[in-house]
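Visitor: I've got a few minutes and a fresh coffee. Could you walk me through this one, residue by residue where it pays off?

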Amino acid sequence: MTIAESIHRILSQDDLVTDLFYLTYFERYPDLSVQFDGVDMEQQAVVLRMSLTVIHQYYEHGYPAAEQFLLVLGHKHHLRNIPKDLYADWRDCMLDTLERYFEHEWHAKLEEEWTAAINKATDVMCRGYEEFALTGSKKT
Ligand code: HEM
C-alpha cells in the first residue's frame, strides 16, 4: 500500500480513523482534553480526516492551495494557543493510530511516507503562527 492508496481508503470508508486518533490522543495526554473544551468532537473528527487529505496533497504535489490551507490552519492553532512543540507527539500518535487502523497492511515504507508528509505539513502550520496565509487577510 502506498500513501495515496492509504488516503483513498481513509476517505472511502464510513468509519473515521480520526475517531480512533482522538481516543488514543486523550488516553495518552488526558491533560490536553481541556484544549478541546466546548468542541464538538464528532465534527472535529470529520474535519481532521479531510485535513489528512491536504497533508497528503501537499506532500505528494506541493500544491500552493494546500500550502495556504496549512498556513491558515497553523494560524488558527496559534490563535487557540496550541504550542508548536505539541506537533511531534501529535504526529507520533497519528502514526500509531494509522498503524492500528491498517493493521497488517501497515509497513515501514508507509510509516516513512506519512512521517515525512506530517512533518512537511506541520512545518508550514508552524510558519502560519507568524504569517497570515493570504495577503487579503492581513490587517493594516
Ligand atoms: C498536524 C497537526 C494537526 C492538524 C492537521 C490539525 C487539524 C485541525 C483541524 C482541521 C481543525 C479544524 C479547524 C477549523 O475548523 O477551522 C483543528 C482544530 C483544532 N485543533 Fe488541531 N490539528 C493538529 C494539531 C493539533 C494539536 C497538536 C492540538 C493540541 C492539542 C490541536 C488542537 C486543536 C483545537 C483545540 C482545535 C479547535 C477546534 C474547534 O474550535 O472546533 N490540534 N485542528
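Guide: One term before we start: helices here are DSSP runs of H or I with at least four residues, numbered from the N terminus. Also keep in mind that this is a predicted model.

Visitor: Fine, let's use that. Thr24 is in which helix?
Guide: Thr24 falls within residues 17–28. That run is helix α2.

Visitor: And is Thr24 buried or exposed?
Guide: The cut-off for buried is under 20% relative accessible area. Thr24 comes in under that, so it counts as buried, at 8%.

Visitor: What does the side chain of Thr24 reach, and at what distance?
Guide: Look for a backbone atom as the partner. The Thr24 side chain gets to the backbone oxygen of Leu20, at 2.7 Å.

Visitor: On to the ligand. Which protein residue is a donor to its iron atom?
Guide: The protein supplies a single donor to the iron. The atom is an NE2, at 2.0 Å, and it belongs to His77.

Visitor: Where is His77 placed?
Guide: Check the run covering residues 64–79. His77 is part of that helix, α4.

Visitor: How many residues surround the ligand?
Guide: The closest ones are Phe36, Gln44, Lys76, His77 and Arg80. The full set around the ligand numbers 19 residues.

Visitor: How do those residues divide into nonpolar, polar and charged?
Guide: Two of the shell residues are charged and five are polar. The nonpolar ones number 12.

Visitor: At what distance is the side chain of Arg80 from an oxygen atom of the ligand?
Guide: The pair is a ligand oxygen and an N or O atom in the Arg80 side chain. For comparison, an N or O atom in the Gln44 side chain is 3.5 Å from a ligand nitrogen, and one in the His77 side chain is 2.8 Å from a ligand nitrogen. For Arg80 the distance is 2.6 Å.

Visitor: In which pocket does the ligand sit?
Guide: To sit in a pocket, a molecule needs more than half of its atoms within 2 Å of the pocket's grid points. The ligand does so in the largest pocket.

Visitor: Which elements give two or more residues to the shell, and which has the largest share?
Guide: The elements with two or more are α3 (41–61), α4, α5 (87–102) and α6 (108–127). The largest share is five residues, and it comes from α3.

Visitor: Staying with α3: is His56 buried or exposed?
Guide: His56 is a residue of helix α3. Its C-alpha is 7.5 Å from that of Ile7, although the two are 49 residues apart in sequence. With a relative accessible area of 5%, His56 is buried.

Visitor: Back to α4. What is the relative accessible area of His78?
Guide: His78 is in helix α4. Buried stops at under 20% and exposed starts at over 50%, so His78 lands in between as partly exposed, at 34%.

Visitor: Which residue's backbone oxygen lies 3.5 Å from a polar atom of the His78 side chain?
Guide: Sequence separation alone won't point you there: His78 and Gly128 are 50 residues apart in sequence, yet 7.8 Å apart C-alpha to C-alpha. The backbone oxygen in question belongs to Tyr129.

Visitor: What about phi in Asn81?
Guide: Most residues other than glycine have a negative phi. Asn81, in the loop between α4 and α5, is exposed at 62% relative accessibility. It isn't a glycine, but its phi is positive, about 60°.

Visitor: And phi of Glu103?
Guide: Glu103 is in the loop between α5 and α6, and it is exposed, with a relative accessible area of 56%. Its phi is also a positive value in a residue other than glycine, near 45°.

Visitor: How far apart are the C-alpha atoms of Asp85 and Cys126?
Guide: Asp85 belongs to the loop between α4 and α5 and is exposed, at 62%. Along the chain, Asp85 and Cys126 are 41 residues apart. Their C-alpha atoms are separated by 9.7 Å.

Visitor: Last one: what is the relative accessibility of Leu110?
Guide: Leu110 is in helix α6, with its C-alpha 9.4 Å from that of Glu99, 11 residues away along the chain. Leu110 counts as buried, and its relative accessibility is 0%.

Definitions and conventions: Residues are numbered from 1 along each chain as its sequence is written. This is a predicted model: local features need pLDDT of at least 70, side-chain atom pairs count only at pLDDT 80 or more; totals for chains, interfaces and linings use all residues. Side-chain values use heavy atoms; hydrogens and water are left out. Donors are N, O and S atoms within 2.8 Å of the metal (3.2 Å for Na, K and Ca); water is not among the atoms, so sites may look incomplete. A residue is near a molecule or strand if one of its heavy atoms lies within 4 Å of it. A polar contact is a pair of N or O atoms within 3.5 Å; within protein, one must be able to donate a hydrogen and the other to accept it, and residues adjacent in sequence count only if both atoms are side-chain atoms. On a 1 Å grid over the protein atoms alone, a cavity is a set of points where a 1.4 Å probe fits but cannot get out, and a pocket is an open set with protein on both sides within 12 Å along at least five of seven lines; lining residues have an atom within 4 Å of a point. Ala, Val, Leu, Ile, Met, Phe, Trp, Tyr, Cys and Pro count as nonpolar, Asp, Glu, Lys and Arg as charged, and the others, Gly among them, as polar. Buried means under 20% relative accessible area, exposed over 50%, partly exposed in between (1.4 Å probe, protein chains only).
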